[in-house]
Amino acid sequence: MDQVVSAGGSILDVQDLKTVFGTRDGNIHAVNGLSFHLRKGELLGIVGESGSGKSVTMMSLLRLLPSPPAEIVAGQVMFEGQDLLKLSTKELREVRGGQIGFIFQDPMTSLNPVFTVGFQLMEPLRKHLGLSKAEARQRAVELLELVGLPSPEDRLKDFPHQFSGGMRQRVMIAIALACDPKVLIADEPTTALDVTIQAQILDLVKKLRHELGMAMVWITHDLGVVAGIADRVIVMYGGLIVEQAPVSELYERPQHPYTRALLETLPSLDEEREDRLKSIAGQPPSLGAEPTACPFAPRCRHAFDRCWNENPPLRRVDDPGDEALIHEVACWWDAAEGEARVGG
Amino acid sequence: MLRYTVRRLLFAIPTLLVVSFIIFALLDLAPNDPTGDLPLTIPPEVREQIRLSLGLGEPFHIRYFRWLEQFLVNEPLNMIEQIWGVEIGNSAERLRVTSWSTRSPVVDLIISRLPQTLWVVGLSYVVAVCIAVPIGVISAYKQYSVFDQIGTFVSMIGFSVPTFFTGTLMIVIFSAQLGWLPSIYDTTHVVTDFDSFVTQLKQIIMPVMVLALFSAAQLSRFMRSSMLDNLNLDYVRTARAKGMTESVVLLVHVLRNSLIPVVTVIALGLPQVFAGAIITEQIFRVNGIGQLLIIAIQGADIPLVQTLTFIFAFLIVSFNLIADLLYGILDPRIRYD
């Protein structure tokens, strides 16, 4: 399986990533042997509930989690022919911000309140590109223009609190894009914004992706957002991938009961309005050990004996010959047949 | 900012007037007697005459307004005359605030004592800040490490043990037992060459360290908790994600934010150090204003006590204002206009 997915120009290749948080009440296994890849120029959406391990996975890639308590116990993150998990901190810093940009969830707190936006934007430019102060300033103005900030020259000396939420997120995007990264990781970048601003940011990202042609990972719990921008979607649950497929394939033929349940929770515009919004009963698991059974089984309406005893591996459910269209699911229950799968 | 400053300065005037009145009233109500230290052979009538000559025959409010006039009008005028060598009005007849026991003007006494205090107190506070900030930063960054544990322990001791104990302890160890340092601060010592500088260093080190350790214990705790508050914030992660080195993350991004509350504490703590110096000066025989205050209290020298206490009150009010203004400068989110 690894051979199949890593073929075809992938820029980021994650193998068997495991991240554990050491807490007073024992270890929490947040990411449990996750493997995925990101192709060049692709926008990969990662969806899942809070606590499914989406953000932890992405931060593990750049070792941004505070350690302790977080520890990456296993795995390999191949980027440009080097394993990011094995780099020295100095080499890693070159990658952070230089080749992989990061946008965080809450633009209100992600910028340093006591430094001007210009200073914060010019910092990576001067460090990674070695620009002089004047050059960095010039580039900073261009970047703010690129993300659609009006009168960028004047705004460089403003502080974050003088910006609105949407404008701050534009600044964050400008910082992430500062050094022309090859990969941009966006961790729920629109979650903290209202819907109008969210739409603006999404338009901006679509435009920038088109102009700059970089690969992106977009973490969200909003399936609507993913449908609008992603090429391919990974659905995560309990620190594992439960389903991955190209975006239209996933929405047309969702296989995993979790994905199906997620899609059902979306209110529909053209159907009769229901009294209550749908939800998936139960809570996402907090894993004290690596899962030995399907982590979704307690909340799954199709769960049967095998789900409680064996954790299902990812398997292809589409035509094995088609390279561009890989649809994988980790489930013992066959959605197409509506019954348990035969064989291992 | 300017309007705010002016407004705060104007507010300080009534505050200080009320404070001066309270000090005056407290001293007047206290059962002290400027003739108490005089020999018992002096008959009561003579004592009464002495009291009258000191102005104690006047009613309370007259004496209070007299002091106000002398301290707030006559003394500044006198100072202007001395600095620029001019004469304003009839300066010979203008009454200055005069010490009852030494008969010399209170302000002159204070000015002659101030340099010693400023040297000891000022230096100790600088040393305290220089010790406390790095300790606080490292303790927070390496939370629960051995360094942090030792730092916490030492701070608890430094904060709990009063300066009169640590001061005496240091004298016992370094002066009495080891004989390395002098136990008495010689204010007449003048630094002219390297040897006299070493002598000065030897005599100043103990009072400075005693005061510095006490302040540093407190400040390092503030610094540590302020750093810890900031270390887990999102902007720190952003700085790391930009590829900044740990030293830049810590000493530029986090430190600047953490210093905001600490600077306030530093500014507000400075007048308290003056108060703490009163005891330390007494122990090391530093001829400063702290010692002057103790002597004045013991001799019921009311004008001197009144004036010195008022100066302490003035320092507290001023440093409050300075703290607020620094807050506005360090934190761009705070704008006073």
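**A colleague's note on chains A and B**

1. Let me start with how chain B is held together. Among its contacts with a separation of 6 or more, 71% join residues 24 or more positions apart. Please keep in mind throughout that this is a predicted model.

2. Next, the confidence scores. Chain B has a mean pLDDT of 87, with 99% of its residues at 70 or more. For the model, ipTM comes to 0.85 and pTM to 0.81. A general caution still belongs here: where pLDDT is low, predicted coordinates should not be read in detail.

3. The secondary structure of chain B is quickly told. There are 11 helices and zero strands, so written from the N terminus the order of elements is α-α-α-α-α-α-α-α-α-α-α. Along the principal axes, the C-alpha atoms of chain B fill a box of roughly 80 × 60 × 40 Å. Chain B has 337 residues, and 31% of them count as buried.

4. Now to where the two chains meet. On one side stand 18 residues of chain B, in contact with 23 residues of chain A. Two helices of chain B, H8 (234–241) and H9 (246–284), are the elements that each give two or more residues to the side touching chain A. H8(B) has the largest share, with seven residues.

5. What is the make-up of the side of chain B that touches chain A, in nonpolar, polar and charged residues? The split is six nonpolar, five polar and seven charged. You may like to keep these counts at hand for point 7.

6. Chain A deserves a point on its domains. The assignment gives domain 1 in three segments, 2–99, 179–266 and 286–340, while domain 2 covers 100–178. Between the C-alpha centres of domain 1 and domain 2 of chain A the distance is 28 Å. Their contact takes 23 residues from domain 1 of chain A and 22 residues from domain 2 of chain A.

7. Finally, a look at the side of domain 1 of chain A that touches domain 2 of chain A. Strand S7 (183–187) and helix H9 (195–212) of chain A each supply at least two residues there. The residues on this side of domain 1 of chain A divide into 15 nonpolar, five polar and three charged. For reading beside that, the side of chain B that touches chain A has six nonpolar, five polar and seven charged residues.

Definitions and conventions: Residues are numbered from 1 along each chain as its sequence is written. Chains are lettered from A and ligands numbered from 1 in the order in which they are written. This is a predicted model: local features need pLDDT of at least 70, side-chain atom pairs count only at pLDDT 80 or more; totals for chains, interfaces and linings use all residues. Helices (H or I, at least four residues) and strands (E, at least two) are DSSP runs, numbered from the N terminus. A residue is buried if 20 or more other C-beta atoms lie within 10 Å of its own, exposed if 12 or fewer, and partly exposed in between; C-beta atoms are placed from the backbone. Two residues are in contact if their C-beta atoms, placed from the backbone, lie within 7 Å. Ala, Val, Leu, Ile, Met, Phe, Trp, Tyr, Cys and Pro count as nonpolar, Asp, Glu, Lys and Arg as charged, and the others, Gly among them, as polar. pLDDT is the predictor's confidence in each residue, from 0 to 100. Domain bounds come from an automatic or database domain assignment.
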